[in-house]
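Reader: I should like a close look at a single part of this model, with attention to the side chains and their surroundings. Please treat one helix and what lies around it in a connected account.

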Amino acid sequence: METIGHVESLWRYPVKSMRGQEIAQIFLGFAGVYGDRLYAFRDAAAQKGFPFLTGREQEVMLLYKPRFRYPDRAAGPPNLAEAESMAPGITPVYGSAADLVVDVEAPSGQTLAVDDPTLLSMLSDGLDERHALSLQRSERAVTDCRPVSVFSLQTVKQLEDEVGLTLDKRRFRANIYATFEAMSGFAEDTLIGRRLQVGTKAVIAVMDRDPRCKMITLDPDTAEARPEVLRRVAQAYDGKAGLYGAVLVEGTVRSGDEITLLD
């Protein structure tokens with residue numbers, strides 16, 4: 001076992017493609033980060049394999065701020081302590097829909113329940129009639145590929161230097177931002193196929209490099225697009241930046257926790 005880094009910050013995204021929330025600790029479960037991407041907006045004009053509206057089509061989505069109405073109830077599974085105390089460690093249950101209600105603050109400052117028809121109307125603004133939208137609630141994270149994503153601050157810095165811009169790490173929309181002290185940018189690609197323990201218990205298997213899209217070109221505060229970010233990743237790094245992982249052992253992860261290479 002070798003400590004190779006630390007958790008710099010932890011993020012979840014209650015509504016797919018809307019602004020994320022930084023939180024001090026997360027429960028990392030087999031299905032992903034607890035409370036991550038529980039809601040998404042289906043788009044009738046999207047492809048069947050990926051039937052969602054995202055910032056690729058509606059850039060302003062990034063300016064909507066979702067938050068859990070009852071943050072204490074949304075912090076983790078309600079029976080976590082009891083489940084972990086039962087040998088060999090029982091998989092905890094997720095909270096009810098009532099515990100995980102989400103409200104969304106629109107760019108105008110108006111706050112709406114995530115299922116308010118007015119929010120659908122706002123998100124439809126500027127789209128043609130093919131884009132009939134509907135809300136989807138999931139019992140697990142509606143992630144693009146894998147349950148958890150990791151991005152290093154070293155890679156953020158390298159891309160900054162290469163494109164000549166100051167880049168807010170949030171544009172890469174990771175769950176775990178990490179500092180790998182002895183690594184340079186993109187050196188985390190060497191972790192593919194390895195197992196990482198994050199904190200005292202959670203273990204993830206690093207599965208893939210993260211294929212990137214237009215989302216990384218969008219400033220998280222303004223939604224302004226800078227295509228040169230994606231262009232650089234495409235030309236120099238096969239269009240990939242960051243890591244995708246699968247959860248092997250569930251557990252609570254906290255900001256500042258050690259990241260340990262297990263094999």
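Author: Contact here means that heavy atoms lie within 4.5 Å. The model is predicted, and the account starts from helix α3, which spans residues 153–163. Its buried residues are Q154, T155, V156, L159, E160 and V163. An α-helix has 3.6 residues a turn, so residues three or four places apart point the same way. The buried residues of α3 pack against two strands, β10 (148–152) and β11 (176–179), and against helix α4 (227–237). After the helix comes G164, with a positive phi near 70°.

Two of these packing partners lead on to aromatic side chains. Y237 belongs to helix α4, while F186 lies in the loop between β11 and β12 (195–198). The centres of these two rings are 3.7 Å apart and their planes stand at 5°, so F186 and Y237 form a stacked pair. The two residues are 51 residues apart, and the pair thus links distant parts of the chain. Both F186 and Y237 are buried.

A search of the whole structure finds 5 aromatic pairs. Among them is the pair of F50 and F52, which is edge-to-face, with 5.5 Å from centre to centre and 90° between the planes. F50 has a relative accessible area of 18% and F52 one of 10%; both count as buried because the cut-off is under 20%.

Charged side chains also meet aromatic rings. K169 lies over the face of Y177, 5.5 Å from the ring centre. The charged end of R73 sits over the ring of Y70, at 4.1 Å from its centre.

Technical notes. Residues numbered from 1 in each chain as written. Predicted model: local features only at pLDDT ≥ 70, side-chain atom pairs only at ≥ 80, totals over all residues. Heavy atoms only, no water. Buried < 20%, exposed > 50% of the residue type's maximum accessible area, 1.4 Å probe, protein only. Helix = DSSP H or I, 4+ residues; strand = E, 2+ residues; numbered from the N terminus. Phe/Tyr/Trp six-rings, centres within 6.5 Å; stacked < 30°, edge-to-face > 60°. Lys NZ or Arg CZ within 6 Å of the ring centre and 35° of its normal.
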